[in-house]
Amino acid sequence: MKEYHFHKMEKKLKKYMDEDRFIHTQGVMYTACALAMCHNADLAEARLAGLLHDCAKCIPNPKKLKICKRENIPVTDSELASPYLLHAKLGVYIAREKYDVTEREVLQAIRYHTTGRPEMSLLEKIIYIADYIEPGRDKAPNLPQVRRLAFQDLDETMYVILRDTLSYLEGGSGTIDRTTEKAYQYYKEIHERKETSDGYVKENGKACV
């Protein structure tokens with residue numbers, strides 16, 4: 001991975017975010033770094049993806065659509081109806097063009113940090129989970145247990161988060177992305193296999209050392 005000047009990137013990013021979003025971004029970045037250290041992921045990549053995961057979040061929705069049209073970024077019907085959903089997809093463009101990020105793993109982690117997907121990479125799972133459990137989050141169910149589980153088993157954490165997210169969205173609280181449903185089915189199958197296998201580390205089992 002090439003060298004990035006993180007402090008300069010933070011200063012630049014801060015100009016395009018409101019205070020709460022920037023605080024959240026810092027929380028995700030530091031949480032991603034902690035998870036990377038626990039699960040033997042690349043620390044610099046986790047830091048970079050955590051810092052830039054929401055780099056397109058505060059772009060006004062009409063401008064999101066305008067940029068997507070200009071850059072030939074595909075927009076689904078659900079994204080057209082709810083342009084805020086575009087921030088992860090658009091974030092890949094912003095990270096690449098405005099922050100000169102070239103690492104595919106980092107760009108993929110930004111791309112799937114809201115929907116997840118089947119067969120996520122280690123970094124993708126870390127950013128998805130860090131976005132959910134960072135210290136500023138306080139509304140999701142079972143957060144203390146999920147935070148503990150994140151340092152034990154990333155696949156099981158993905159299953160729990162996706163299960164709870166879909167339950168929340170199915171209650172009429174938001175738009176359900178088909179990719180999220182596929183991700184849930186994928187990690188549900190892993191969960192079910194682990195439940196029936198010997199040596200499965202349960203939620204209160206041994207953490208990373």
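Let me start with helix α8, residues 122–133. Helices here are DSSP runs of H or I of at least four residues, numbered from the N terminus. The expected span of a helix is 1.5 Å times one less than its number of residues. For the twelve residues of α8 that gives 16 Å, and the end C-alpha atoms are 16 Å apart, so the two values agree.

Before I go on: this is a predicted model, where local features need pLDDT of at least 70 and side-chain atom pairs count only at pLDDT 80 or more, while totals for chains, interfaces and linings use all residues. Residues are numbered from 1 along each chain as its sequence is written, and side-chain values use heavy atoms, with hydrogens and water left out.

Back to α8. How many of its twelve residues are buried? Eleven are, so the helix is largely enclosed by the rest of the structure. Buried means under 20% relative accessible area, exposed means over 50%, and partly exposed is in between, with a 1.4 Å probe and protein chains only. The areas come from the Shrake-Rupley method with that 1.4 Å probe, and for residues only the protein chains shown count as cover. The buried residues of α8 include Leu 123, Ile 126, Ile 127 and Ile 133. Charged side chains are on that list too, among them Glu 124, Lys 125 and Asp 131.

Lys 125 takes us to the salt bridges. A salt bridge here is a side-chain nitrogen of Lys or Arg within 4 Å of a carboxyl oxygen of Asp or Glu. A search of the whole structure finds twelve of them. I will show three.

The pair with Lys 125 is Asp 155, and their closest N and O atoms are 2.7 Å apart. This pair links distant parts of the chain, with Asp 155 in helix α10 (residues 154–173) and Lys 125 in helix α8, 30 residues apart. Are these two residues buried or exposed? Both Asp 155 and Lys 125 are buried.

Next is Lys 89 with Glu 79, where the closest N and O atoms are 2.9 Å apart. Lys 89 lies in helix α6 and Glu 79 in helix α5 (residues 77–81), so the bridge ties together parts that are ten residues apart in sequence. Lys 89 is buried at 15% relative accessibility, and Glu 79 is buried at 6%.

In the third bridge, the side chains of Lys 2 and Asp 100 meet at 3.0 Å, N to O. Here the partners are 98 residues apart: Lys 2 is in the segment before α1 (6–14), and Asp 100 is in the loop between α6 (87–98) and α7 (104–111). Lys 2 is partly exposed, at 32%. Asp 100 is partly exposed as well, at 47%.

Now the surface. Which residues form a positive patch? They are Lys 12, Lys 15, Lys 63, Lys 66 and Lys 98. Patches are made of residues with over 30% relative accessible area and no salt bridge, and like charges are joined within 9 Å. Lys and Arg count as positive, and His and the chain ends are not counted. The place of a Lys charge is taken as NZ. Of the patch members, Lys 63 is found in helix α4 (residues 61–70), and it is partly exposed at 47% relative accessibility.

Two loop residues are worth pointing out for their backbone. Most residues other than glycine have a negative phi. Asn 72, which is not a glycine, has a positive phi of about 55 degrees. Asn 72 is in the loop between α4 and α5 and counts as exposed, at 66%. Asn 142 also has a positive phi, near 60 degrees. Asn 142 is in the loop between α8 and α9 (143–150) and is partly exposed, at 43%.

Last, some distances across the chain. Ala 56 is in the loop between α3 (43–52) and α4, and is buried at 0% relative accessibility. The C-alpha atoms of Ala 56 and Ala 95 are separated by 8.6 Å, with their positions 39 residues apart along the chain. Arg 47, in helix α3, is partly exposed at 27%. Its C-alpha atom is 8.9 Å from that of Thr 31, 16 residues apart along the chain. Thr 175 lies in the loop between α10 and α11 (178–196) and is partly exposed at 31%. From Thr 175 to Tyr 112 the C-alpha distance is 16 Å, at 63 residues apart in sequence.

Definitions and conventions: Patch = residues over 30% accessible without salt bridge, like charges linked within 9 Å, V, L, I, M, F, W, Y side chains within 5 Å.
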